[in-house]
Each structure stands twice: as C-alpha cells, then as structure tokens.
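Me: Could you take me through one small part of this model in detail, and then through what surrounds it? I would like the backbone and the packing in one connected account.

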Amino acid sequence: MATAQQDSLLVTSEKKSKKELKREQREKDYEPYNALAPAKAAFYSAVLPGLGQAYNGSYWKIPIAYAGIGTGIYFYLDNDEKYDRYRNAYKDRLAGRKDEYTVNGVQRISTDGLIRAQELFQKNKEISILVTVGVYILNIIDANVEAHLRQFNVDEDLSVKPGLDFDALTGKTNYGLTLNYRF
C-alpha cells in the first residue's frame, strides 16, 4: 500500500475568520424579502385551509386547522339531525299523528318541550357555523402573520439588554436598557 503526504509548504488563503463564517451562515439562513409572500399565504389558505401553512413550511399546523373546521362541521350536522327529529315530532303532533315521543298515548315530551328543543338545537347549529367560520378565518390570519414574521430579520447585531451602571462617586447603581447595534 502506498500513502502520500500532503505538501506542508502549500499556502492556503482559504482560511476564513469566525466573523466571515457567521456572516455566510446568516446570509444562508436569511430569506430575501418578498412583499407578496403574506398575500400569497393568505390567498392559499382562503382557497384551501392549510395550504397557506404548507406554503410557509408549518406543516404541523395543517391538522389543527382541519380538526377545528371538522369539529365545527360535525357539531353542525349533529345538531341539525336532532333539530330535524324534534321538528318532525312537533309537526306530527300538530297534525294529530303519533310522534316518536308519544308512547302508549302518553307524551314523554310536552309540545312546549318540543319547541324549546328546536330552539336549542337551532341555536347550537348557528354557534357551530360561527365556530367553523372563525377557525377558517383564523387559518387565513395565521398564514398571513407567519409569512410576515418569516421575513422579519432577527439578527444578533441588534440587541436590547438590561444595563447596570455603578457610579463609584455616589455609590448608587443606575438601571437601564441598552440598545446595541453592531456594524
């Protein structure tokens, strides 16, 4: 087996300082400003819930959006079914027919009870619609805000730190905030 040695006299100018490496890493991580990105993300979420989150790269939020919308739709359909049952029983009772809440000629639920049940489930249906629309709108707002924040430059060159200054002449400590910007 033959092995070769590296030339020890070779001078390389490829060594980079830590500062240059940090700058290159920041430039690599930095996403250029795109003024239309928030509008695109909001539009995508409006067309198909969760698509704006996928555009932003937040895939973990997509199931949350669909769970919220699906829950609202589920409760709407459930309340609609119950509303229809009480509504049909009320119509049957007004027409003089036997309804499902009359057993052996005895009314298990009064006519006023049927009316109140209809009102309750109608109100629950409306609340379910509002919840579903609210989650849909929050999905759009979340996509828009996240697209804005993804372009926000969070750099270590700009920092705010609490500052303590001990005055040796008076023996008092001064408190404050310092805003540092490194060029």
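Reply: Happy to! Let's begin with Asn104, which sits in the loop between strands S1 and S2. Bear in mind throughout that this is a predicted model. Asn104 has a positive phi of about 55 degrees, although it is not a glycine. As background, most residues other than glycine have a negative phi. Is Asn104 buried or exposed? Its relative accessibility is 74%, so Asn104 counts as exposed.

A second positive phi belongs to Gly96, at about 85 degrees, and Gly96 comes just after helix H4. That brings us to the helix itself.

The buried residues of H4 pack against S1 (102-103), S2 (106-107) and helix H5, so the two strands flanking our loop are among the partners of this helix. The buried set in H4 consists of Ala65, Gly68, Ile69, Gly72, Asn79, Tyr83, Tyr86, Ala89, Tyr90 and Arg93. As a quick geometry check, H4 has 34 residues, and at 1.5 Å a residue they should span 50 Å; the end C-alpha atoms are 49 Å apart, which agrees.

Now for how H4 meets H5. Two packed helices are described by the angle between their axes and the distance between the axes. For H4 (residues 62-95) and H5 (residues 111-150), the axes come within 8 Å and cross at roughly 160 degrees. That angle is over 145 degrees, which means H4 is roughly antiparallel to H5. The crossing of this pair is left-handed. Sorted by class, the contact between them holds 16 nonpolar, 10 polar and five charged residues.

Two residue pairs give you handy distances here. Asn79, one of the buried residues of H4, has its C-alpha 9.5 Å from that of Glu126, although the two are 47 residues apart in sequence. Glu126 is found in H5 and is partly exposed, with a relative accessible area of 43%. The other pair is Tyr74 and Thr132, which are 58 residues apart along the chain and have C-alpha atoms separated by 9.8 Å. Tyr74 lies in H4, and at 51% relative accessibility it counts as exposed.

H5 has another helical partner, H2 (residues 37-47). These two pack at an angle of about 160 degrees, with their axes 8 Å apart, which makes H2 roughly antiparallel to H5. The crossing of H2 and H5 is right-handed, whereas that of H4 and H5 is left-handed. Which residues meet between H2 and H5? From H2 come Ala37, Pro38, Ala41, Ala42, Ser45, Ala46 and Val47, while H5 brings Tyr136, Asn139, Ile140, Ala143, Asn144, Ala147 and His148. This contact has 10 nonpolar residues, four polar ones and no charged ones.

Finally, here is the setting for all of this. The protein has five helices and four strands, and they follow the pattern α-α-α-α-β-β-α-β-β along the sequence. Of its 183 residues, 23% count as buried. Among contacts between residues at least 6 apart in sequence, 50% join residues at least 24 apart. Enjoy exploring it in your viewer!

Note on methods:
Residues numbered from 1 in each chain as written. Predicted model: local features only at pLDDT ≥ 70, side-chain atom pairs only at ≥ 80, totals over all residues. Heavy atoms only, no water. Axes fitted to C-alpha atoms, helices over the stretch in contact; angles between N-to-C directions. Parallel < 35°, antiparallel > 145°, perpendicular 65-115°, else oblique. Left-handed = near helix turned anticlockwise from the far one by under 90°. Nonpolar A, V, L, I, M, F, W, Y, C, P; charged D, E, K, R; others polar. Contact = heavy atoms within 4.5 Å. Expected span 1.5 Å × (residues − 1). Buried < 20%, exposed > 50% of the residue type's maximum accessible area, 1.4 Å probe, protein only.
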